[in-house]
Amino acid sequence: MTPIKPFFLWKHLNKLRWVTLSVVFSMLIFLPYAHLYQTYEAAHAYDLLADSEKQIYDTMETITSPFINDPEEDLDAIKGNTWSGTFFGLQLSDPLAVIGQIFSSLTFYTPFLLTALIPIAFTLVFGRFFCGWICPATFIYELNTNFSAWLRRAGLKTGNRRFDRRVKYLVLGTGLVLSAFSGSVVVASVYPPAIVGREIYYSIALGGFGAGSIFFVGTLMFDLLVARRGFCRYLCPGGALYSILGRFRIFRIQRIVENCNDCEKCNAICEFGLDPLRDSFGQECNNCTACIAICPTDALTFKVQISDAPDKGPGHLGRQYSKNKVGIIEAAA
Amino acid sequence: MSVVALALAPTTTRAAKNQPSLRFLRPPGALPEEEFLSRCIHCGQCGEACPNRCIKYFGLENGLTSIDTPYIIPREKACILCMKCGDICPTGAIQKVKVELEDILDKVHMGTAVVDKQLCLSWQGKSCGVCYRACKLPDVAIRVGYMEQPHVLENCIGCGLCERSCIQIPQAIKILPRKT
C-alpha cells in the first residue's frame, strides 16, 4: 500500500505563520511612527523639530515616499491595531470588542457589530486561527516559550503546571458580567492583544508604557514560572470566545494513523497543550500547524470536516504506544 | 511611577473617581460621559488619528472604568476641531461630526471656557486678545469688548485653544469640562 501523503504545503505553513505574526507585529510598531510622521507633517515646522524627531521624520519620509503623495491624508488608510483597526476604509474589530460593548452598553450599535463580521466568519471556518496567526501577543508569548526552553536547557526550572482549560470560559463570563456592571469594556484590560497594540502605541507616540504593560509582563511571568503558555491556555477571555466560535470549524488538523509512529513530538510542540497523538484537538486548536511542521512521518494533515475523528488508536508505524499507553500519558502530563 | 503608586493605592483611585479633581476633556463629539464609557472599547484609534497629538490615554488615575480611554488636557495641547477622531471611531463613542459650524455646534460639547478676570491681562488693563485670536469660532464662541476683554458666549464648545494660547501663567481662561 502506498502511504497517504499530506499536501506538501501544509508542512511549510508554520513558516508562513511566523511571517504573518512578524508582519502584524512590525505593523504595530510602524503605525505609531507613521502617526508621528503625520503629526510632524501637519505641523509644517520641520526646522523646529528636535534632532530625534527629525530622524523619525526623515526615516519615515524615506520609507513612505515611494508609495504615497500626501502623508497627512494617505497614511490615514491604515490605523489602529488588532483589537480594532481601519484598513483602507474597512473597519475590523475583535469579536470580543463587540461582545464586550454589547454587555457594557446593553444596546446594539449596528455599524460596530458589522465590523466583527469578517473575523467571525473566518473564525467559523478556520477556528481559533487568530490566536496562532495574527495575535501580536502570541508573537511575544511564543518567543517567551522558546526563552523558557533555553532556560531549561541551562538547567533552570520553568513552570510546567497544568490547569483546567475551562477556566478561561469563566474568565470570559466574569469579564463580560463585570463589563455590564461597571458600564465600561473592562474585558479589554485583561486581553493581551488589545494591551500589546495599545502599549506599543503609548510607548512610541505618547512617550511611555501605560498601566496595561504591568499586566502583560505579569502574564509573561505566569507563562515562564507557572504554566507553559499558561495565559492563552487557561485564562485568555478572547481565546475562550474564539474557541467557542471555532468549535465547529471546517478546516481541522487530523492525524493519518497509517503514517504515525507515536513519537509524540506533536504533543511536545503543541503550544496549547493539546493531544494530537490521540486525535484530541477539540475547539482549542488554533490551526498553528506547528505539529504538522514537526511531524517526522507526515502523519498530520488538514481535513475538511466539522468534528474531530474519534481516537484512532496507536500509529501503524509505532510500537511503544500500544505497549505502554499509560506511561506515555504520564510522560506527556 | 505614578501609575504604579496609584495601582498600589486603591483609595486614591476611588477618590479620584468619586470626586473628579482631574480636569480633562473628552475628544470632540464624544457622547455624555456614562454613555461614552459604555461605548468606548479602548482601541486607541482616536489618538492615532489625531494630527495634533492632543488625545492622550488614562492609566489608572481616573478609576478602573476609564482606563485606556482618551482625554485631552487643553493647557498641554488643545483640540483643533479637525474631527478625524470621530471619523475613525468604530463604536460611535465619538460621533462623526462634519467640519461645519452647525454640525459642530450641534454635536460638540467638550466644556465651556471661563475667564478669570483677576488674572486676565485685558481685564487688568493691558490689551491682549490672544484667546480671541486663537479661537476657531471667533464671535460665535468668544467676543472681545473694550481693551480686547474676552467675553465667552454660550456657543463655546470647549476645544481649549484659548486656554492653550493664554500667555498668563497660570492661565486666565480655562475650560470647565461638561459635567455629565
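A residue counts as partly exposed when the number of other C-beta atoms within 10 Å of its own lies between the limits for exposed, 12 or fewer, and buried, 20 or more. The legends below describe close-up views of a predicted model.

**View 1. A:Asp298, a loop residue with positive phi.** A:Asp298 has 17 other C-beta atoms within 10 Å and is therefore partly exposed. Its place is in the loop that joins H15 to E5 in chain A. The phi angle of A:Asp298 is near 55°, which is positive although the residue is not glycine. Most residues other than glycine have a negative phi.

**View 2. A:Asp279, in the loop between H14 and H15 of chain A.** The loop that holds A:Asp279 runs between helix H14 (265–269) and helix H15 (290–294). Phi is positive here, near 60°, in a residue other than glycine. A:Asp279 is partly exposed, because 16 other C-beta atoms lie within 10 Å.

**View 3. A:Pro314, in the loop between E5 and H16 of chain A.** Strand E5 (300–304) and helix H16 (320–323) are the elements on either side of this loop. With 20 other C-beta atoms within 10 Å, A:Pro314 is buried, since the limit for a buried residue is 20 or more. A:Asn144 stands 170 residues away from A:Pro314 along the chain, and 33 Å separate the C-alpha atoms of the two.

**View 4. The packing of H8(A) against H11(A).** Helix H8 (residues 136–153) and helix H11 (residues 212–225) of chain A meet at an angle of about 35°, and their axes are 10 Å apart. The crossing of these two helices is right-handed. On the side of H8(A), the residues in contact are A:Tyr141, A:Asn144 and A:Ser148; on the side of H11(A), they are A:Leu220, A:Asp223 and A:Leu224. By class, this contact has 3 nonpolar, 2 polar and 1 charged residues. An α-helix has 3.6 residues a turn, so residues three or four places apart point the same way.

**View 5. Helix H10(A) and the residue that follows it.** The 14 residues of H10(A) should span 20 Å at 1.5 Å a residue, and the 19 Å between its end C-alpha atoms agrees with this. H10(A) is mostly covered, with 12 of its 14 residues buried. Among the buried residues are A:Pro192, A:Ile195, A:Arg198, A:Glu199, A:Tyr202 and A:Ala205. After the helix comes A:Gly207, which has a positive phi near 80°.

**View 6. The contact between domain 1 and domain 2 of chain A.** Domain 1 of chain A covers 82–249 and domain 2 covers 251–332. The centres of the two domains, taken over C-alpha atoms, are 26 Å apart. Domain 1 brings 20 residues to the contact and domain 2 brings 12 residues. Elements that each supply at least two residues of the domain 1 side include helix H6 (117–126), helix H12 (230–235) and helix H13 (237–245). H7(A) gives the most to that side, with 3 residues. The domain 1 side has 7 nonpolar, 5 polar and 8 charged residues.

**View 7. The contact between chain A and chain B.** Chain A contributes 38 residues and chain B contributes 30 residues. Several elements of chain A each supply at least two residues of the side that touches chain B, including helix H1 (13–43), strand E2 (84–87), helix H4 (95–105) and helix H10 (192–205). That side of chain A divides into 14 nonpolar, 20 polar and 4 charged residues.

**View 8. Chain B and the contact of its two domains.** Chain B has 8 helices and 6 strands, and 47% of its 180 residues are buried. Of the contacts in chain B with a separation of 6 or more, 66% are between residues 24 or more positions apart. The chain is divided into domain 1 (1–108) and domain 2 (109–180). At their contact, 18 residues of domain 1 meet 17 residues of domain 2. Helix H6 (residues 101–107) of chain B provides the largest share of the domain 1 side, 3 residues. The residues of that side are 13 nonpolar, no polar and 5 charged.

**View 9. The cis peptide bond before B:Pro170.** The bond from B:Ile169 to B:Pro170 is cis, with omega near -5°. Most peptide bonds are trans. B:Pro170 belongs to the loop between helix H8 (161–165) and strand E6 (173–177) of chain B.

Conventions:
Residues are numbered from 1 along each chain as its sequence is written. Chains are lettered from A and ligands numbered from 1 in the order in which they are written. This is a predicted model: local features need pLDDT of at least 70, side-chain atom pairs count only at pLDDT 80 or more; totals for chains, interfaces and linings use all residues. Two residues are in contact if their C-beta atoms, placed from the backbone, lie within 7 Å. Helices (H or I, at least four residues) and strands (E, at least two) are DSSP runs, numbered from the N terminus. Ala, Val, Leu, Ile, Met, Phe, Trp, Tyr, Cys and Pro count as nonpolar, Asp, Glu, Lys and Arg as charged, and the others, Gly among them, as polar. Axes are lines fitted to C-alpha atoms, for helices over the stretch in contact, and angles run from 0 to 180 degrees between N-to-C directions. A crossing is left-handed if the near helix is turned anticlockwise from the far one by less than a right angle, and right-handed if clockwise. Domain bounds come from an automatic or database domain assignment. The expected span of a helix is 1.5 Å times one less than its number of residues.
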